[in-house]
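Open the model in a viewer and keep the selection panel at hand. The stops below go from the whole chain to single side chains.

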Amino acid sequence: LLETQGLDLHGPLAGTQGSLGDALLEPTRIYVRPIRAAIEGHRGAIHALAHITGGGLVDNVPRVLPDGVEASLNWGSWPEPAIYGPLRESGIAEHELRRTFNLGIGMVAIVAQESADAISETLQEAGEVVHRIGTIQGTNP
């Protein structure tokens with residue numbers, strides 16, 4: 001993309017105070033402490049976790065769900081990092097962006113609906129920004 005689309009690693013990235021290169025070199029977030037706090041504070045209420053790396057949201061979330069259950073994601077219900085604007089504008093198809101990148105969601109917790117508020121609060125107290133990005137549909141046989 002850098003070569004074919006003429007993207008500039010050193011030029012400013014719209015919506016940020018840095019460059020495209022700065023955004024690409026941002027370190028991976030580590031979620032161990034906040035997730036551990038949520039698991040320990042809400043035993044049994046977290047049903048699954050999906051770290052959104054290669055495979056993006058469309059591949060990694062379904063991997064943690066049992067047969068007969070699927071996630072219905074509300075695309076656009078969270079703020080998307082500025083780096084995805086130039087990628088989208090370069091012609092990458094939306095499905096490919098969703099499959100390859102995390103689009104600003106690094107970890108997905110599948111939680112009991114009645115515990116969602118309390119788990120969100122625990123994660124926020126541990127320094128995380130929480131977005132409710134969808135619901136779980138279906139029945140588990």
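Colour the protein chain by secondary structure and follow it from the N terminus: the order of elements is α-α-α-β-α-β-α-α-β-α-β. That gives 7 helices and 4 strands, where helices (H or I, at least four residues) and strands (E, at least two) are DSSP runs numbered from the N terminus. This is a predicted model, in which local features need pLDDT of at least 70 and side-chain atom pairs count only at pLDDT 80 or more, while totals for chains, interfaces and linings use all residues. Residues are numbered from 1 along each chain as its sequence is written, and side-chain values use heavy atoms, with hydrogens and water left out.

Now show the C-alpha trace, which spans about 50 × 35 × 20 Å along its principal axes. Of the 141 residues, 32% count as buried; buried is under 20% relative accessible area, exposed over 50%, and partly exposed in between (1.4 Å probe, protein chains only). Among contacts (heavy atoms within 4.5 Å) with a separation of 6 or more, 65% are between residues 24 or more positions apart.

Next, select S19, in the loop between α1 (2–5) and α2 (20–24). Is S19 buried or exposed? S19 counts as buried because its relative accessibility is 10%. Show its surroundings: leaving out residues up to four places away in sequence, S19 touches L9, H10, G11, P12 and L13. Then add G21, whose backbone nitrogen lies 3.3 Å from a polar atom of the S19 side chain.

Move on to the charged side chains. Side chains of opposite charge can pair when their charged atoms come close. The chain has 6 salt bridges, a salt bridge being a side-chain nitrogen of Lys or Arg within 4 Å of a carboxyl oxygen of Asp or Glu.

Select R88 with E80 and E94. The closest N and O atoms of R88 and E80 are 2.7 Å apart, and the salt bridge between R88 and E94 is 2.8 Å from N to O. R88 is partly exposed at 29% relative accessibility, as are E80 at 33% and E94 at 32%.

The last selection is E96 and R99, whose side chains meet in a salt bridge of 2.7 Å, N to O. Both lie in helix α6 (residues 94–100), 3 residues apart, so about one helical turn separates them. E96 is partly exposed at 30%, and R99 is partly exposed at 33%. To finish, add R98 to the earlier selection: salt bridges with shared partners join E80, R88, E94 and R98 into one network.

How values were computed. Polar contact = N/O pair within 3.5 Å; in protein donor to acceptor, adjacent residues only side chain to side chain.
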